[in-house]
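Student: I'd like a close look at one spot rather than a grand tour. Could you take me through a single side chain and the contacts around it?

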Number of protein chains: 2
Amino acid sequence: MTNRQLNLNAFIYPTGHHEASWRHPGSVPERLYDVTYFQELARLAESAKLDAVFFADGPALRTEVKYRPDYGLEPITTLVAMATVTTHLGLIATASTTYYEPYNLARLFSSLDHISGGRAAWNIVTTATDAAAANFGYTEHPEVHERYARAREFVDAAIKLWDSWEDDALVLDKAAGVYADPDKIHRIDVEGDYVKVRGPFGSARSPQGRPVLVQAGSSNDGRDFASTYAEAIFTAHQRIEDAQAFYTDIKTRAAAFGRNPDHVKILPGLSPFIGATEAEAKELQREFNELTIVEYGLGQLQKMGRIDVSRLELDEKVPVELFAGAGDITDNDNSRRLVFAKIVEREQPTLRQLLHKLAGARGHNVVAGTPVQIADIIEEWFTNGAADGFNIMPPQYPQGLEAFASQVVPILQERGLFRTEYTGTTLRDHYGLPRPESQYARELAAAGV
Amino acid sequence: MTNRQLNLNAFIYPTGHHEASWRHPGSVPERLYDVTYFQELARLAESAKLDAVFFADGPALRTEVKYRPDYGLEPITTLVAMATVTTHLGLIATASTTYYEPYNLARLFSSLDHISGGRAAWNIVTTATDAAAANFGYTEHPEVHERYARAREFVDAAIKLWDSWEDDALVLDKAAGVYADPDKIHRIDVEGDYVKVRGPFGSARSPQGRPVLVQAGSSNDGRDFASTYAEAIFTAHQRIEDAQAFYTDIKTRAAAFGRNPDHVKILPGLSPFIGATEAEAKELQREFNELTIVEYGLGQLQKMGRIDVSRLELDEKVPVELFAGAGDITDNDNSRRLVFAKIVEREQPTLRQLLHKLAGARGHNVVAGTPVQIADIIEEWFTNGAADGFNIMPPQYPQGLEAFASQVVPILQERGLFRTEYTGTTLRDHYGLPRPESQYARELAAAGV
């Protein structure tokens, strides 16, 4: 037994991560705009003592909505509703630095952190789709270096806004008539190339000081960004070797930036089909794959893999040459393409097989097995330098999370790898992250004030 | 008895609308970042069958935070938390067209409307402070015509986004593999001078079709804007004559724009000090005024009234000449200045008296009286073409709302002026507003498709 504990999030996705999950008889696509559906998922995740729930998001409709539910409800508002029915569960929302204003977004996350008593986290994305760009007055999305340059300025400004009020700025002295101490509320005076924000912020410092910062960069720019800012990193790997290489790279980069590598949690995606026997689990996976819509899968492959398979028959092998250049991690829009390329190289699938392989979780690691087999994979990755925990991506909600919570979590708990009770109340507590002091408090202290 | 019913909102303001309310022994400024405080206010408002709660907001810290709590929590997120503990209460949040992006804001309000089951409303403001401008990269706030020009494009785009999915766009046909009908999900292709949004929107149409649109413009531009878009209008008047003139003007303008004047609810602010006797109510008001901080009052007078009183003694009469030009409603930043000017002209107060007069609700109508006297004022304004209802602004929360709910509301109900039970579930139901059809559904129908 080790003291090191897994961090486990439930990655919430409409009716599940399998692209055809909404078509399954047990799924409830009619409840996707009913917030009680998400509140029930939150209660379920908290009953399993998971660290957090996580929502992906983007400011545009994806074109495949004919074939699959899109994001739907906005995540921060949804997480507020989930916060009101839970007490410990972390709440992670995705939001874009390219298409938000720092002041507005910082305020939303600050409120989420206040309302939840310190459970908010922001998954920082730069959004690389032209559909999003077109909703904000651009004809195409900014190129990647520019997106990351803005993201750095944006995050720096957001952190300064959250630090703007020192923790003891609220005085509340009724007799003296002093509500807050203006000397402890600071302008931030950010004058960047992309972002200009004067401050001070409109809200007092939140319970966690700052929401936990999460990122999912896999490219070179993305890894540097993540190693600089992220406290948790979501990543997609099919094999432990790839996950180990990524894990080592990020921890090394973080150390090089002067950070404690333990304060950068690396959480690969894992989408488990769970059965009483391995055969039963694989049968469940096959059942879902039968429901896939070829046209949807081809569109995804084209969009995320950036390859043209329009002249390929479904039962033809996918030529690995289609993925030329996929290994170039200096190309920032390439990360999922690389994951796809490795699958094709290793497994030499037909187009149909590749579509099924990706149907589960868009290139994330899909495994079908017994609860013990799933727990074994988790333990293997966790104890061999490939992961600090996982972003659990159930193929179907709520059934896949129920199965994981009731069948896999107890095994991990028995093995001493996962908490049986929450030991803290904030997401920083769960992740073992320090609560940062306001940089303005530090600066004044350093100046001897 | 008449069938026409009052609309009554509770205008939520940190510890109350009286500027010194936080200093009162009964106030709880330490709970202003505790969402359960606001959830309790929501339950209280709903128990009194009020139409809605309303939050003001702005994307900047006001400079007087030393002397008084500022907005604090972000309103949309706070209203989501309040929605989860209520079932009928309308939820109105203020947000700025100058400092938000239409896509992001439309999504937040759409989610609030979905999450609350059709209770969302947006109080549209254009934000005229340099402090806000400085948080978004500007050195000063855009001039008023430009702000309103952007506001029009912004609201048009937001409406199109909310209309983007026709009401029956969700197909949910598991067998056929059709989640949504792409022919019923529309691009909006807005290409304005200030706002460019392509769409389609990322979320299905919400229960109310569109959130209720609220506005508070009193200037000429503001009145035209409100008469064009607003379904409820907040306004500040001290005397029934002024309120009647405003009421008639807005209803006339709305009719001229081809709208049904009954679908534009005019709701003046009313801040009641309630006592068992009039003397007791006035004593309560005096008690609050005793707690005011002169420096705060002077700052407000200077900022909202746009006058310089720095060379005036507290017990000197305020010269009406200071307000020269206040009657010019073509000047859009002038509306509160005009309210102040009328008070000075009519009452010839000393500076101290003027500060006390404004301390209650920043120029809104403050009345001190018995429950019957308060109900009489409400009835008089309501039945004499001055108001369709009121934005109730209790001097202190929760006490002032408790008093209004338990002592004034029953009188209004007895007089047949106010509901004893909700007759609908959405804010549109409460306000008697139609649920708008999607403009795209209409266009296609008109084209014979």
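Is A:Arg205 buried or exposed?

Tutor: A:Arg205 is buried, at 8% relative accessible area (buried is under 20%, exposed over 50%, partly exposed in between, with a 1.4 Å probe and protein chains only). Keep in mind that this is a predicted model, where local features need pLDDT of at least 70, side-chain atom pairs count only at pLDDT 80 or more, and totals for chains, interfaces and linings use all residues. Residues are numbered from 1 along each chain, chains are lettered from A, and side-chain values use heavy atoms, without hydrogens or water.

So who does this arginine talk to? A:Arg205 makes a salt bridge with A:Asp167, with 3.0 Å between the closest N and O atoms (the rule: a Lys or Arg side-chain nitrogen within 4 Å of an Asp or Glu carboxyl oxygen). A:Arg205 sits in the loop between strands S8 (196-197) and S9 (212-215) of chain A, and A:Asp167 in the loop between helix H5 (144-163) and strand S5 (170-173), so the pair ties together parts 38 residues apart in sequence (helices are DSSP runs of H or I with at least four residues, strands E runs with at least two, numbered from the N terminus). Unlike its buried partner, A:Asp167 is partly exposed at 43%.

The pair isn't on its own, either: A:Asp163, A:Asp167, A:Arg205, A:Arg210 and A:Arg435 are linked in a salt-bridge network.

That H5-S5 loop of chain A also holds A:Asp168, whose side chain meets A:Lys184 in a salt bridge at 2.9 Å, N to O. Here A:Asp168 is partly exposed at 43%, and A:Lys184 is too, at 26%.
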